[in-house]
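Hi everyone, thanks for coming. I'd like to take a few minutes on helix packing and on empty space inside a protein, so have a look at the screen.

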Amino acid sequence: MPETISSFATRVVRRRREPVAVQALRSTAAAVISYVVALRLSSEPNPLTAPLTALLVVQVTLYSTLTTSIRRVNSVVVGVLIAIGFSVLVGLTWWSLGLLILASLVVGHLVRVDEFVPEVAISAMLVLGVTQVADTAWDRVLETLIGAVVGLLVNLLLAPPLWIGPAGAAITDLALRMSRLLDHLGEESLGPGKVEQAAARLHEARRLDNDIAQVDTALRQAEDSIRLNPRVKEGLLFRLVLRTGLDTLEICAMVLRVACRTLTDLAKARPDGPLFEPATAAALREVLRHTAIAVESFAQLITAQVSANAEEAEARLTGELAVARAHRDRLADLLLASAREDPEHWQLRGALLTEIDRVLDELGVEKRSQRLLEELDQHARTRRTGRLRAWTRGRGRGRAERVE
């Protein structure tokens, strides 16, 4: 029994540090606090609009709160006012609900709340049900403002969660999928070249595009959580390391898709025989196997701020790339010999070797460091340009005032 309680407590502590759990606690706290404040300031017996607004205002990250809170509050207030007007005039019926949604969407575009236009209609629909018992419209507006203020204060005072961990896990999962694809390609190169199997691997490579889009979404959320977060001292470096790492994996995924296309074309050209000679197939399998390990090591390296194993990952990546390049050189000699004996499909064999070279080059530590330095320089130049423009505008205004 004590062990069960201890394990349960350990799980609770671990969950408490997860971003989803932290965000749920922040949203709950904002809703409860806004409800308590509204009970004291509003004449309504059940001021549910305040916690509703607080839930809508509390953002996932501090950066998104500061950049979108005004539009969000505006959309909520407009939706509440529309709902109040409908509740006073016609109440809630099926046709009034339709008119409410239409009016909310139109007004949302007129007041320019941008991406929060649907939220005007959502707020209006949710509030319409509770405004049936309202004595005055101003109570609901007051509750909305209370919820908005409390939500903003919670975002400013309570440290928002960091989403670096989920983004790192998404990048690692993407690398594992790419690694499995490389292993599958190496296994298939030993057997007969079947078009169906090659086409299946090509479809698997194409699915990586969807995986990259999901990782990009997770990374954008992580980037927002780092910006303006007091718990992160080197937020810019974290963002650029993850972003440049994902760019590299995206390039590798694109090259892998082209390589799968090459192998599919080769399988179609040789439907009854093996894709390669036994020695060539063995060399290709070794290249792909070590490349697969290098992809995993690369993902571990760029997420080192999460796993804290940067040196080990870099050493492993360097070693695997060296071994892969050695097998690549042997593969090049074998492919050259095969092209001399059977020159019919030398273009496809040469294209496959070129695609392997591109992946190995993209995963190189030197290439990664160069790309990261370029991004840092670009960011520094952008900041200097912005400051120069601001200073120039300031001097221009000063001169205009002196002229006047």
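How many cavities of 30 Å³ or more are there? Before I answer, please keep in mind that this is a predicted model. The count comes to two cavities at that cut-off.

Let's go to the largest cavity, which holds about 120 Å³ of space. It is lined by 14 residues, and those closest to its centre are Leu182, Leu256, Ala259, Leu288 and Ile356. If you prefer to think in helices, the elements giving two or more residues to this lining are α8 (164-188), α10 (235-269), α11 and α14. As for the character of the lining, 12 of its residues are nonpolar, one is polar and one is charged.

Now, two of those helices deserve a slide of their own. Helix α11 spans residues 278-302 and helix α14 spans residues 346-362; their axes come within 11 Å and cross at roughly 25°. Angles under 35 degrees count as roughly parallel, so α11 is roughly parallel to α14. The crossing of the two is left-handed.

Who makes the contact? From α11 we have Leu284, Val287 and Thr291, and from α14 we have Leu352, Ile356, Val359 and Leu360. Sorted by type, the residues of this contact are six nonpolar and one polar, with no charged ones.

One residue to take home is Ile356: α14 uses Ile356 in its contact with α11, and Ile356 is also among the residues closest to the centre of the largest cavity. Thanks, and I'm happy to chat over coffee!

How values were computed. Residues are numbered from 1 along each chain as its sequence is written. This is a predicted model: local features need pLDDT of at least 70, side-chain atom pairs count only at pLDDT 80 or more; totals for chains, interfaces and linings use all residues. Side-chain values use heavy atoms; hydrogens and water are left out. Axes are lines fitted to C-alpha atoms, for helices over the stretch in contact, and angles run from 0 to 180 degrees between N-to-C directions. Helices (H or I, at least four residues) and strands (E, at least two) are DSSP runs, numbered from the N terminus. Angles under 35 degrees count as roughly parallel, over 145 as roughly antiparallel, 65 to 115 as roughly perpendicular and the rest as oblique. A crossing is left-handed if the near helix is turned anticlockwise from the far one by less than a right angle, and right-handed if clockwise. Contact means heavy atoms within 4.5 Å. Ala, Val, Leu, Ile, Met, Phe, Trp, Tyr, Cys and Pro count as nonpolar, Asp, Glu, Lys and Arg as charged, and the others, Gly among them, as polar. On a 1 Å grid over the protein atoms alone, a cavity is a set of points where a 1.4 Å probe fits but cannot get out, and a pocket is an open set with protein on both sides within 12 Å along at least five of seven lines; lining residues have an atom within 4 Å of a point. Grid points are joined across faces, edges and corners, and a volume is the space filled by probe spheres set on the points.
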